[in-house]
Amino acid sequence: MSDFVERFKNGAKAIKDALGPGQYEVANIKVICPHCKNDVFEEGSAQLNTAGATFLNLDWLNKSAVVLVCTRCGLIQWFGESVDKID
């Protein structure tokens, strides 16, 4: 039974690590905060709205961007391409 509990704990930690803050790279370059030089970020997404699509109530057609929020100072960096989380 203790083996099961240990495996469960390891799995829960892996999920937490995968979903929580981390280090990232874009185009094989490590992302560093230009303001405070931190290298740990929370990942999110934001919709890139356009006036035309909003006027026609078609915001869902707009592209999205990946945003990385610095865990130290809160600076937000936007990326049009995908980002890779570093293990």
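These legends walk through several views of one predicted model.

**Figure 1. The whole chain, from one end to the other.** Before zooming in, here is the overall layout of this predicted model. The protein chain has two helices and six strands. If you follow the sequence, they come in the pattern α-β-β-β-α-β-β-β. Of the 87 residues in the protein chain, 24% are buried. Take the contacts in the chain with a separation of 6 or more: 48% of them link residues 24 or more positions apart. As for the outside, the protein chain exposes about 6,600 Å², and carbon and sulfur atoms supply 59% of that area.

**Figure 2. The largest nonpolar core and who belongs to it.** Eleven residues make up the largest nonpolar core. Its members are Tyr24, Val26, Val31, Cys33, Cys36, Phe41, Val66, Leu68, Cys70, Phe79 and Val83. Two elements give two or more residues to this core, namely β1 (23–26) and β4 (64–70). The top contributor is β4, with three residues.

**Figure 3. Cysteine 70, one of the core residues.** Here we move in on cysteine 70, which sits in strand β4. Is this residue buried or exposed? Cysteine 70 counts as buried because its relative accessible area is 3%, under the 20% cut-off. Leaving out residues up to four places away in sequence, cysteine 70 touches Cys33, Cys36, Asn38, Val40, Phe41 and Leu75. Among these contacts, Cys33, Cys36 and Phe41 are also listed in the largest nonpolar core. Glutamate 42 is worth finding in this view too: glutamate 42 and cysteine 70 are 28 residues apart in sequence, but their C-alpha atoms are 6.6 Å apart in space.

**Figure 4. Cysteine sulfurs without a bond.** How many disulfides does the model have? The count is zero. To see why, start with cysteine 36: its closest cysteine sulfur is in cysteine 70, at 3.5 Å, which is too far for a bond. The cut-off used for a disulfide is 2.5 Å between the sulfur atoms. Cysteine 73 tells a similar story, because its sulfur is 3.6 Å from the closest cysteine sulfur, the one in cysteine 33, and that is also too far. Cysteine 36 is buried, with a relative accessible area of 19%, whereas cysteine 73 is partly exposed at 34%.

**Figure 5. Glutamine 77, a buried residue in a strand.** Look along strand β5 (residues 76–79) and you will come to glutamine 77. Glutamine 77 has a relative accessible area of 16%, so this residue counts as buried. Which residues does glutamine 77 touch, once those up to four places away in sequence are set aside? They are Val31, Ile32, Cys33, Pro34, Phe41, Val66, Val67 and Leu68. Among them, Val31, Cys33, Phe41, Val66 and Leu68 also appear in the largest nonpolar core.

**Figure 6. One salt bridge, between lysine 30 and aspartate 39.** A search of the whole structure turns up one salt bridge. The partners are lysine 30 and aspartate 39, and their closest N and O atoms are 2.8 Å apart. Lysine 30 is partly exposed, with a relative accessible area of 37%.

**Figure 7. A nonpolar patch on the surface.** Leu48, Ile76 and Trp78 together make a nonpolar surface patch of about 310 Å². Where does leucine 48 sit? Leucine 48 is in the loop between β3 (41–47) and α2 (51–55). With a relative accessible area of 38%, leucine 48 is partly exposed.

**Figure 8. Positive phi values at alanine 27 and asparagine 28.** The last view shows the loop between β1 and β2 (29–30), where alanine 27 is found. Asparagine 28 lies in the loop between β1 and β2 as well. For alanine 27, phi is near 55°, a positive value in a residue other than glycine. For asparagine 28, phi is near 65°, again positive in a residue other than glycine. Are these residues buried or exposed? Alanine 27 is exposed at 64% relative accessibility, and asparagine 28 is exposed too, with a relative accessible area of 67%.

Terms used: Residues are numbered from 1 along each chain as its sequence is written. This is a predicted model: local features need pLDDT of at least 70, side-chain atom pairs count only at pLDDT 80 or more; totals for chains, interfaces and linings use all residues. Side-chain values use heavy atoms; hydrogens and water are left out. Helices (H or I, at least four residues) and strands (E, at least two) are DSSP runs, numbered from the N terminus. Buried means under 20% relative accessible area, exposed over 50%, partly exposed in between (1.4 Å probe, protein chains only). Contact means heavy atoms within 4.5 Å. Accessible areas come from the Shrake-Rupley method with a 1.4 Å probe; for residues, only the protein chains shown count as cover. A salt bridge is a side-chain nitrogen of Lys or Arg within 4 Å of a carboxyl oxygen of Asp or Glu. A nonpolar core is a set of buried Ala, Val, Leu, Ile, Met, Phe, Trp, Tyr and Cys residues joined through side-chain atoms within 4.5 Å. Patches are made of residues with over 30% relative accessible area and no salt bridge: like charges are joined within 9 Å, nonpolar side chains (Val, Leu, Ile, Met, Phe, Trp, Tyr) within 5 Å.
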